[in-house]
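Take a look at the chain below. The walk-through runs from the overall fold to one helix pair.

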Amino acid sequence: MLAKPRFSDKGLIELFSKVEKCEVLVAVHQVCEVLTNLMESKDLYTKNHSEEVAVISYMIALAMELPCKVADMIHIAGHLHDIGKFAIPDEILKKPGPLSKEEWELVKAHPVIGAKYIENIKIFRGKGGVIEMVLHHHERWDGKGYPDGLKGENIPLGARIIAIADAFSAMTGRRPYRKSLSFEQALEELKKEAGSQFDPFIVGAFLKVADKMLPEIKTYLKEDVKDAKTFGNKGGTESKSAIC
Ligand SMILES: [Fe+2]
Ligand SMILES: [Fe+2]
């Protein structure tokens, strides 16, 4: 039995409960998927990364018993989290060796650039909304992240969830400079970083449901991701979600 979430993020829940028009949300979701899939399709190593982050973030949100509309928006932010990388030259993003200081600064600007790209989308605005999730997905629980060095619960909830999904997807994905970790090894790494890099409660929520979720994540992400564009298409997890 999952412990009840200790947060009471009423602002976030109120923010997304105002999103009444589900058909708009469905359309927004589809556009976000197409955009980020297009952006990533050129790179073998990051292909499907945002899709993975979106799916895993959504599962974590449901594991935390967040309302469906909130989980939906976290899912959309998962698709968009790295959209700012569109502004970073390919030769930097795909550079096999270490980055220079200037190159690293440019890469680190991608959350700010991404948030700027989507700032005109009204339903993404507000405290803890999608724009803030994109802006803060590289903050760390201990305050050593970027761009603002936010600490603990000052980091928007969705951004804390996406940070964990992002790390999990990156660790289990192929990269030119290292082997991928197994799902089990990646969970161990998350456990090690709980309380320093990641919100320990959210890592705990993920770990508690991981046994049930992992077979489905493995099936969905590794075999069917090209065909099934939304998680619900697999028919595995029941959801009242408008988009998944
Ligand atoms: Fe990122
Ligand atoms: Fe999606």
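What follows covers confidence, fold and one helix contact.

This is a predicted model, in which local features need pLDDT of at least 70, side-chain atom pairs count only at pLDDT 80 or more, and totals for chains, interfaces and linings use all residues. Residues are numbered from 1 along each chain as its sequence is written, while chains are lettered from A and ligands numbered from 1 in the order in which they are written.

Start with confidence. pLDDT is the predictor's confidence in each residue, from 0 to 100. Its mean over the chain is 82, and 77% of the residues reach 70 or more. Residues 223-244 stay under 50. Where pLDDT is low, the predicted coordinates should not be read in detail.

Now the fold. The chain has 11 helices and zero strands; helices are DSSP runs of H or I with at least four residues, strands runs of E with at least two, numbered from the N terminus. Of the 244 residues, 39% are buried (20 or more other C-beta atoms within 10 Å of the residue's own, with C-beta atoms placed from the backbone).

Next, one pair. The axes of helix 3 (residues 49-63) and helix 9 (residues 157-172) come within 8 Å and cross at roughly 130°. Axes are lines fitted to C-alpha atoms, for helices over the stretch in contact, and angles run from 0 to 180 degrees between N-to-C directions. The two helices are therefore oblique to each other (neither under 35 degrees, nor over 145, nor 65 to 115). Helix 3 contributes residues including Val 53, Ile 56 and Ile 60, and helix 9 residues including Ile 161, Ala 165 and Phe 168. Contact here requires C-beta atoms, placed from the backbone, within 7 Å.

Technical notes
Buried ≥ 20, exposed ≤ 12 C-beta atoms within 10 Å, placed from the backbone. Contact = placed C-beta atoms within 7 Å.
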